[in-house]
There are 2 protein chains.
Amino acid sequence: MTDAMYTSSIPVFRQMLGGLAAILAKAEAHATEKNIEPAALIQARLFPDMFPLARQVQIACDFARGVSARLAGAEVPKFDDDEQTFAQLRDLIARTIAFIDGLAPARFEGGAQREIVIRPGTPKERRFTGQAYLLSYGLPQFFFHVTTAYALLRHNGVEIGKRDYMGQY
Amino acid sequence: MTDAMYTSSIPVFRQMLGGLAAILAKAEAHATEKNIEPAALIQARLFPDMFPLARQVQIACDFARGVSARLAGAEVPKFDDDEQTFAQLRDLIARTIAFIDGLAPARFEGGAQREIVIRPGTPKERRFTGQAYLLSYGLPQFFFHVTTAYALLRHNGVEIGKRDYMGQY
């Protein structure tokens, strides 16, 4: 039986990242159709001190990779986070999905009890069991940024619906 | 050992609903301080055909109760969803937390394999195992509405941060 830490992370990230890629494709098509400069959406924010769309997507991908890697006991990969176009953001999502798909389910065995330390050596250092890390930290963070990307595009008039957000399930 | 279906649902809902209640308290204080009519926030939307804040909170609570009840094999309670003030929304959250806290962990045993049917008898009927229902449907829906409530208030200038959203963990 596949470990619950695998089942509760990789398929969830894959589903939601697929939805996010589809949302970005609709946003790009919307920009083309309405003759909107793509950067007007990619750099859009819901409030001046919130992150713009590109950064929301990068952080969502970062949580998907970081949470998955830590639960699997694998090294967290470093990505550049320098995407500035829809094509680059979609490629980032594809590379993120490829990374998490490359983590064998067997690596997640024992992940629920594995100690996970975030921001080690800093004043914000925090220790979790793998299970608490996933459920009380990783998933809430991941969903936050995926949903904010959606809300931001929806607020800017892109015709997307919750069905797009939900991805394939 | 507590069933994974319990661990992956009730504590997550409780944490995020606690965060949502704290966010609403800050929004109410903001309205009072800035002399803003509370309804201007409670009825605010990110786009004209999106749900307003009150409805986002109601739907988040509805998913928390419905998903928890179905996983526990309990009846899904009917709530009126007629809240129109911050006090009423906070009370709704409190009653929702009281409901899910009343579901004994033992009831979730076998919940992962339990067949769950949503919108039965309609063209949108859908069947899931309990596990798929929670991970691929219930949690994404719940987080969507909690985050949208946050984004909506943030967009309206309420001074909240991701720390508020995350709740106590």
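**Entry 1: cysteines**

I take a residue as buried when its relative accessible area is under 20%, and as exposed when that area is over 50%, with partly exposed in between. I note at the outset that this is a predicted model.

I looked up A:C61 and found a relative accessible area of 0%, so A:C61 is buried. I then looked up B:C61, which likewise counts as buried because its relative accessibility is 0%. I also searched for disulfides and recorded zero over all chains. I recall that a disulfide is a covalent bond between the sulfur atoms of two cysteines.

**Entry 2: salt bridges**

I noted that side chains of opposite charge can pair when their charged atoms come close. Over all chains, I recorded 20 salt bridges.

I turned to A:R14, which forms a salt bridge with A:D101; their closest N and O atoms are 2.8 Å apart. I placed A:R14 in helix α2 (residues 10-33) and A:D101 in helix α5 (residues 86-101), both of chain A; the pair links distant parts of the chain, 87 residues apart. I checked the exposure of each partner: A:R14 is partly exposed at a relative accessible area of 33%, and A:D101 is partly exposed at 39%.

I next examined A:E83 and A:R95, whose side chains meet in a salt bridge of 3.3 Å, N to O. I located A:E83 in the loop between α4 (53-72) and α5 of chain A, and A:R95 in helix α5 of chain A, so this pair ties together parts that are 12 residues apart in sequence. I asked whether each partner is buried or exposed: A:E83 counts as buried at 6% relative accessibility, whereas A:R95 is partly exposed with a relative accessible area of 36%. I also found that salt bridges sharing partners join A:E83, A:D91 and A:R95 into one network.

I looked up one further pair, A:R127 and A:E125, which form a salt bridge with the closest N and O atoms 3.3 Å apart. I recorded A:E125 as partly exposed, because its relative accessibility is 33%.

**Entry 3: a positive patch**

I searched the surface for charge and found a positive patch formed by A:R119, A:K124, A:R126 and B:R163. I followed up B:R163 and placed this residue in helix α7 (residues 162-166) of chain B. I asked why B:R163 can belong to such a patch: patch residues need over 30% relative accessible area and no salt bridge, and B:R163 is exposed, with a relative accessible area of 70%, so the area cut-off is met.

Note on methods. Residues numbered from 1 in each chain as written. Chains lettered and ligands numbered in written order. Predicted model: local features only at pLDDT ≥ 70, side-chain atom pairs only at ≥ 80, totals over all residues. Heavy atoms only, no water. Patch = residues over 30% accessible without salt bridge, like charges linked within 9 Å, V, L, I, M, F, W, Y side chains within 5 Å. Areas by Shrake-Rupley, 256 points an atom, 1.4 Å probe, with all protein chains shown as cover. Salt bridge = Lys/Arg side-chain N within 4 Å of Asp/Glu carboxyl O. Lys, Arg positive; Asp, Glu negative; His and termini not counted. Charge placed at Lys NZ, Arg CZ, Asp CG, Glu CD. Helix = DSSP H or I, 4+ residues; strand = E, 2+ residues; numbered from the N terminus. Buried < 20%, exposed > 50% of the residue type's maximum accessible area, 1.4 Å probe, protein only. Disulfide = S-S within 2.5 Å.
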